Structure formats: structure tokens, C-alpha cells
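Got the model loaded in your viewer? Keep the selection box handy, and let's walk through it one stop at a time.

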Amino acid sequence: MKTTHVLILTSLAAAIAASVPSDAQDGRPLRTLPHGTYECALPGDATGDAFTAVKAEDFRVLPGSGYRDAGGKRGVYLLRGNELVFTSGSKKGQKFRRLGNNTVKRIKEDGELSRLTCTRLSGTG
């Protein structure tokens, strides 16, 4: 990637972070997710498959706090502490909690964790 592109993407991420309302800037560090493809799934049960893939929810994390959804549309995310928020694109408004270096879990509108879990596939960085 050209240096110019990296600088533009970095500036874009900084502008998004600066646009967060001051009451949301609670001292949690801004971070980025490891680049690569995140495959999303719902847990199964003892009588069937261990999990059920939800391909429509898959996404790929790109440099500069960007992502591409399963349909190829681009957007931007913000990761503060362990809270991931998609701030533009098709996933805008969706929130996730980071559970580990390669796993995020969707947060429902009521603040509770949903069953949808997305995990970064190895070798996709």
C-alpha cells in the first residue's frame, strides 16, 4: 500500500475518533482489530452441528480501521477498549464486544451479548 493511502486512512480514522461525543471518550484506548476475514456463526446444539455459519454477517478487517462486508461494501469501525462499533457502511451501528485477540461477540440493543460470534480465520491477515 502506498504511503499516501496509509496517511489518508490514518487521518480518516483519527477524524472518526475525534467526532465521537465527548461523553463517549471515557479513557478507553483506541485500538484496531487484527486484519483478516472474520467468519460469523451461531452456536449449535448437542443434537446437530456444533455451530451454524451466518455468511451474511462475515466481514474482512482492512488497514486504517476499515472493513468490507460479505457483499463487498466498505465501511469504517471504531474499537475503544473492548467495544467494537461499526461507524459507517452496511454494518453501521452494530456493536460487538472483543472477547480475545481474534473473536468478537455481537451486543444486542438492550446491551446483552447475543449468540452471534465472529472469529478471525487463521492465515487471512
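Start with the largest nonpolar core, which has 14 residues. Select Leu33, Phe59, Tyr77, Leu84, Phe86, Val104 and Cys118 and show their side chains: these touch the most other members. Now colour the strands that supply two or more residues to this core, namely β2 (36-43), β4 (59-62), β6 (74-80), β7 (83-86) and β10 (113-120). Keep in mind as you look around that this is a predicted model.

**Stop 1: Tyr77**

Stay with Tyr77 and bring up its surroundings. Which residues is Tyr77 in contact with, once neighbours within four places in sequence are left aside? Going along the chain, you should find Thr32, Leu33, Val61, Ser65, Gly66, Tyr67, Leu84, Val85, Phe86 and Thr87. Two of those names, Leu33 and Phe86, you have already selected as core residues that touch the most other members.

**Stop 2: strand β6 and its partners**

Next, select the whole of β6. Why can β6 be called largely enclosed by the rest of the structure? The cut-off for buried is under 20% relative accessible area, and 6 of the 7 residues of β6 are buried, so the strand is largely enclosed.

Show the backbone and take the pairings in turn:

- β1 (residues 30-31) pairs with β6 in the antiparallel sense, over 2 bridges. Pick Arg31 and look across to β6, where Leu79 stands opposite.
- β5 (residues 66-69) also runs antiparallel to β6, joined to it by 3 bridges. Here Arg68 has Arg74 of β6 as its bridge partner.
- β7 and β6 pair through 4 bridges, again antiparallel. Tyr77 turns up here too, standing opposite Phe86 in β7.

While the backbone is on show, check the two hairpins. The hairpin of β5 and β6 has 4 residues between the strands, and Gly72 there takes a positive phi near 95 degrees. In the hairpin of β6 and β7, with 2 residues between the strands, Gly81 takes a positive phi near 60 degrees.

**Stop 3: Ser65**

Since you have phi angles on your mind, click on Ser65, one of the contacts of Tyr77. Ser65 is not a glycine, yet its phi is positive, at about 60 degrees. Look for Ser65 in the loop between β4 and β5. With a relative accessible area of 9%, Ser65 is buried.

**Stop 4: Lys91 and Glu57**

Jump to Lys91, in the loop between β7 and β8 (95-100). Buried or exposed, what would you guess for Lys91? The answer is buried: the relative accessible area of Lys91 is 3%.

Expand the selection around Lys91, skipping residues up to four places away in sequence, and you get Glu57, Asp58, Phe59, Tyr67 and Phe86. For a distance check, draw a line between the C-alpha atoms of Lys91 and Lys73: they are 18 residues apart along the chain and separated by 9.6 Å.

Of these contacts, take Glu57 next. Side chains of opposite charge can pair when their charged atoms come close. Lys91 and Glu57 meet in a salt bridge, 3.0 Å from N to O. This pair links distant parts of the chain, with Lys91 in the loop between β7 and β8, Glu57 in the loop between β3 and β4, and their positions 34 residues apart.

Center on Glu57 now. With the same sequence neighbours skipped, Glu57 touches Cys40, Lys91, Gln94, Arg106 and Leu116.

**Stop 5: the other charged pairs**

How many salt bridges does the model have? The count comes to 4. Select Glu39 and Lys55 for another one, where the closest N and O atoms are 3.2 Å apart. This pair also links distant parts of the chain: Glu39 sits in strand β2 and Lys55 in the loop between β3 and β4, 16 residues apart. Glu39 is partly exposed, with a relative accessible area of 25%.

Then go to Arg80 and Glu83, whose salt bridge has its closest N and O atoms 3.7 Å apart. Arg80 is buried at 11% relative accessible area, whereas Glu83 is partly exposed at 23%. To finish, add Asp58 to your selection of Glu39 and Lys55: salt bridges that share partners join these three residues into one network.

Definitions and conventions:
Residues are numbered from 1 along each chain as its sequence is written. This is a predicted model: local features need pLDDT of at least 70, side-chain atom pairs count only at pLDDT 80 or more; totals for chains, interfaces and linings use all residues. Side-chain values use heavy atoms; hydrogens and water are left out. A nonpolar core is a set of buried Ala, Val, Leu, Ile, Met, Phe, Trp, Tyr and Cys residues joined through side-chain atoms within 4.5 Å. Buried means under 20% relative accessible area, exposed over 50%, partly exposed in between (1.4 Å probe, protein chains only). Contact means heavy atoms within 4.5 Å. Two strands pair if DSSP finds at least two bridges between them. A salt bridge is a side-chain nitrogen of Lys or Arg within 4 Å of a carboxyl oxygen of Asp or Glu.
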